[in-house]
Amino acid sequence: MTDLNFLSSLGCKVIFDHPSLSAFNSGGNIGAVIYPATADEVLKAMRLLEKEGAPYRILGNCTNVLIRDEGYDGAVICTRYLCGIEASGEGRLHIAAGESMPKLCKLSLEGSLSGIEGLCSIPGTVGGGVAMNCGAFGREFCDVIEYVDIAVDGRIERCATERLNFGYRTSDVGKLGAVVAAGIKLAHGNKHDIAKDIKGYKLARLRSQPQGVSLGSVFKQVDGVSAGYYIDKAGLKGKQIGGAVISQKHANFIMNAGGATSSDFLDLGNYARQEVDKQFGVKLKYEVDVV
Ligand SMILES: Cc1cc2nc3c(=O)[nH]c(=O)nc-3n(C[C@H](O)[C@H](O)[C@H](O)COP(=O)(O)OP(=O)(O)OC[C@H]3O[C@@H](n4cnc5c(N)ncnc54)[C@H](O)[C@@H]3O)c2cc1C
């Protein structure tokens, strides 16, 4: 077990032997979770961890992360308490990494700002959304991002989007450091139309996606085709391993039907991946990050 006691010297909240943060409600304990409230605290935590040579990960709301059953023998810097949204005119917003996507969408609606209506139900933080380049209904977060403030090499660097190599559910953010804030530019729109679109997207989600405990889409699309299409065609809807089950409503969702372990999730995901490869020669790649 890595000795992380040196983290007590940080001025911010640190919880040792922290239960799993994963939204799948599974996984073992984490050596220590650090909850910085400011960008300076993120820098301080990163400097200390690097100086001590301790393993660490940056996480937000953990809605796209599975923690293994054996837990994570290192530290997590959780950015979900970095708060604040500032408007600077012309549809520009500077948002701290811990703000939630639904809150950002709600504030945008209140300000009659358009561009992220389709992202309103993504349950993650802005930091996680930037790192994953989250998206829905044909829009991606990077479509509106102007810059990202990243804690890297002991300072906060303002990175232009070109440097971050945004792609489908991916970016180079993870290779650089921790997102502490992002700047986005939205278009002025008609409040009524924006509200109507948000309502439509929420309804479309309710119709097509299951409710309950999950990590959202398990696998990435393959050449524009949903992984769920192949998993469904392979006859795997309803397939269950332990407490993990492939949703009857959307085959790219693995649900925690009660008491699922992270191994159940991975065994089922790997089984689906094998079957899809065997039946269609298609190789599915995880969208979910495994820690
Ligand atoms: C019900 C449900 C529906 C979902 N629907 C969608 C959807 O429609 N579209 C979509 O794209 N995703 C969807 N997701 C997945 C998930 O919500 C998104 O990927 C989201 O952007 C993750 O944000 P997070 O804060 O939870 O990040 P986490 O899950 O905590 O982390 C995700 C990744 O981002 C990195 N990361 C997190 N914070 C930071 C930071 N501050 N700096 C650097 N790296 C960071 C982590 O290291 C990790 O690799 C869904 C998930 C659920 C449970």
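Me: Ala, Val, Leu, Ile, Met, Phe, Trp, Tyr, Cys and Pro count as nonpolar, Asp, Glu, Lys and Arg as charged, and the others, Gly among them, as polar. So how many of each class are in the shell around the ligand?

Reply: There are 16 nonpolar, 14 polar and three charged residues. This is a predicted model: local features need pLDDT of at least 70, side-chain atom pairs need 80 or more, and totals for chains, interfaces and linings use all residues. Numbering starts from 1 along each chain as its sequence is written.

Me: Which residues are closest to the ligand?

Reply: Gly60, Gly124, Gly127, Gly128 and Gly216, out of 33 that surround the ligand (C-beta, placed from the backbone, within 6 Å).

Me: And what gives the most to that shell?

Reply: Helix H3 (126–132), with five residues. Strands S3 (56–59), S9 (135–136) and S13 (178–185) and helix H4 (173–176) each supply at least two. Elements are DSSP runs numbered from the N terminus: helices are H or I, at least four residues, strands E, at least two.

Me: New topic: what about the span of H7?

Reply: H7 covers residues 262–280, and its end C-alpha atoms are 27 Å apart, which agrees with the 27 Å expected for 19 residues at 1.5 Å a residue (1.5 Å times one less than the number of residues). Just after H7, Gly281 has a positive phi of about 65 degrees.

Me: Which H7 residues are buried?

Reply: Ser262, Asp264, Phe265, Leu266, Leu268, Gly269, Ala272, Arg273 and Val276 (20 or more other C-beta atoms within 10 Å of their own, all placed from the backbone).

Terms used:
Buried ≥ 20, exposed ≤ 12 C-beta atoms within 10 Å, placed from the backbone.
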